[in-house]
Amino acid sequence: MLKGVLVGFGIMLAAIPIPIVHFIAVPLSPFIAGFIGSGVAKIDQNGIVKFGGLMAGLMVIPAAAVLLVKFLFGVDEIIGLSATLWVVVVLALIPYTWFGATVGALGSYMVNRSRKDNPA
């Protein structure tokens, strides 16, 4: 499952730097990452919520990094915005990431289950 979570987290991070496309890709990236990552992990029915939780747990890393930059180096602004605002935004994205990744994992599970039930 860890391999699928890391693949999904990589997909979410890869959506950020693409110019102009990131306005659409970033909000959809937790769902897409959950769909693809859970397909890589081949999770079962009991692992869907756990998969989403692990994906959301990885979102704690950027919040911790901003807090470290703020308190260890005394930086008050990052890219012109308050470091505290960055922490609040990232912490607000954790439940969003959990929901999107969980719904994406559920969708992937349903697709894989229907393929097993109705082989072509």
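Start by selecting Leu 58, which is buried, with a relative accessible area of 17%. Here buried means under 20% relative accessible area, exposed over 50%, and partly exposed in between, computed with a 1.4 Å probe and protein chains only. Leu 58 belongs to helix α3, which spans 48-58. Helices are DSSP runs of H or I with at least four residues, strands are runs of E with at least two, and both are numbered from the N terminus.

A word on what is on your screen: this is a predicted model, in which local features need pLDDT of at least 70 and side-chain atom pairs count only at pLDDT 80 or more, while totals for chains, interfaces and linings use all residues. Residues are numbered from 1 along each chain as its sequence is written, and side-chain values use heavy atoms, with hydrogens and water left out.

**Around Leu 58**

Keep Leu 58 selected and add Val 5, Leu 6 and Phe 9. Leu 58 touches these three, when residues up to four places away in sequence are not counted. Contact means heavy atoms within 4.5 Å. Next, draw a C-alpha to C-alpha distance from Leu 58 to Phe 99: the two are 14 Å apart in space and 41 residues apart in sequence.

Stay on Phe 99 and draw a second line, this time to Val 111. These C-alpha atoms are separated by 18 Å, with the two positions 12 residues apart along the chain. Val 111 sits in helix α5 and is partly exposed, at a relative accessible area of 30%.

**Zoom out to the whole chain**

Switch to a cartoon view. You should find five helices and two strands, running α-α-α-α-β-β-α from the N terminus on. The C-alpha atoms fill a box of roughly 60 × 30 × 20 Å along the principal axes.

Now try a surface view. The accessible surface comes to about 7,500 Å², and 75% of it belongs to carbon and sulfur atoms; areas come from the Shrake-Rupley method with a 1.4 Å probe, and for residues only the protein chains shown count as cover. Of the 120 residues, 30% count as buried. Among contacts between residues at least 6 apart in sequence, 71% join residues at least 24 apart.

**The largest pocket**

Rolling a probe the size of a water molecule over the atoms shows where empty space is left. A pocket is an open set of points, on a 1 Å grid over the protein atoms alone and found with a 1.4 Å probe, that has protein on both sides within 12 Å along at least five of seven lines; its lining residues have an atom within 4 Å of a point. The largest pocket has a volume of about 560 Å³, where volume is the space filled by probe spheres set on the points, and grid points are joined across faces, edges and corners.

To find this pocket, select Ile 16, Met 59, Trp 86, Val 90 and Leu 93, the closest to its centre of the 21 residues that line it. Then colour α1 (2-14), α2 (22-41), α4 (60-73) and α5 (83-117), the elements that each give two or more residues to the lining. The largest share, seven residues, comes from α5.

What is the lining made of, nonpolar, polar or charged residues? The lining divides into 19 nonpolar, two polar and no charged residues. In this count Ala, Val, Leu, Ile, Met, Phe, Trp, Tyr, Cys and Pro are nonpolar, Asp, Glu, Lys and Arg are charged, and the others, Gly among them, are polar.

**Along helix α2**

Select Ser 29 in helix α2. Ser 29 is buried, at 5% relative accessibility, and is in contact with Met 12 and Ala 15, leaving aside neighbours within four places in sequence.

Move on to Phe 31 and Phe 35, both in α2 and four residues apart, about one turn of the helix. A search of the whole structure finds one aromatic pair. The ring centres of Phe 31 and Phe 35 are 6.3 Å apart and their planes are at 35°, so the pair is tilted. Rings of Phe, Tyr and Trp (its six-membered ring) pair if their centres lie within 6.5 Å; planes under 30 degrees apart count as stacked, over 60 as edge-to-face and the rest as tilted. Phe 31 is partly exposed at 38%, and Phe 35 is partly exposed at 32%.

**Last stops: two loops**

Ile 20 lies in the loop between α1 and α2. Its phi is near 65°, a positive value in a residue other than glycine, and Ile 20 is exposed, at 67% relative accessible area.

Finish at Lys 42, in the loop between α2 and α3. Lys 42 has a positive phi of about 50° although it is not a glycine, and its relative accessible area of 70% makes it exposed.
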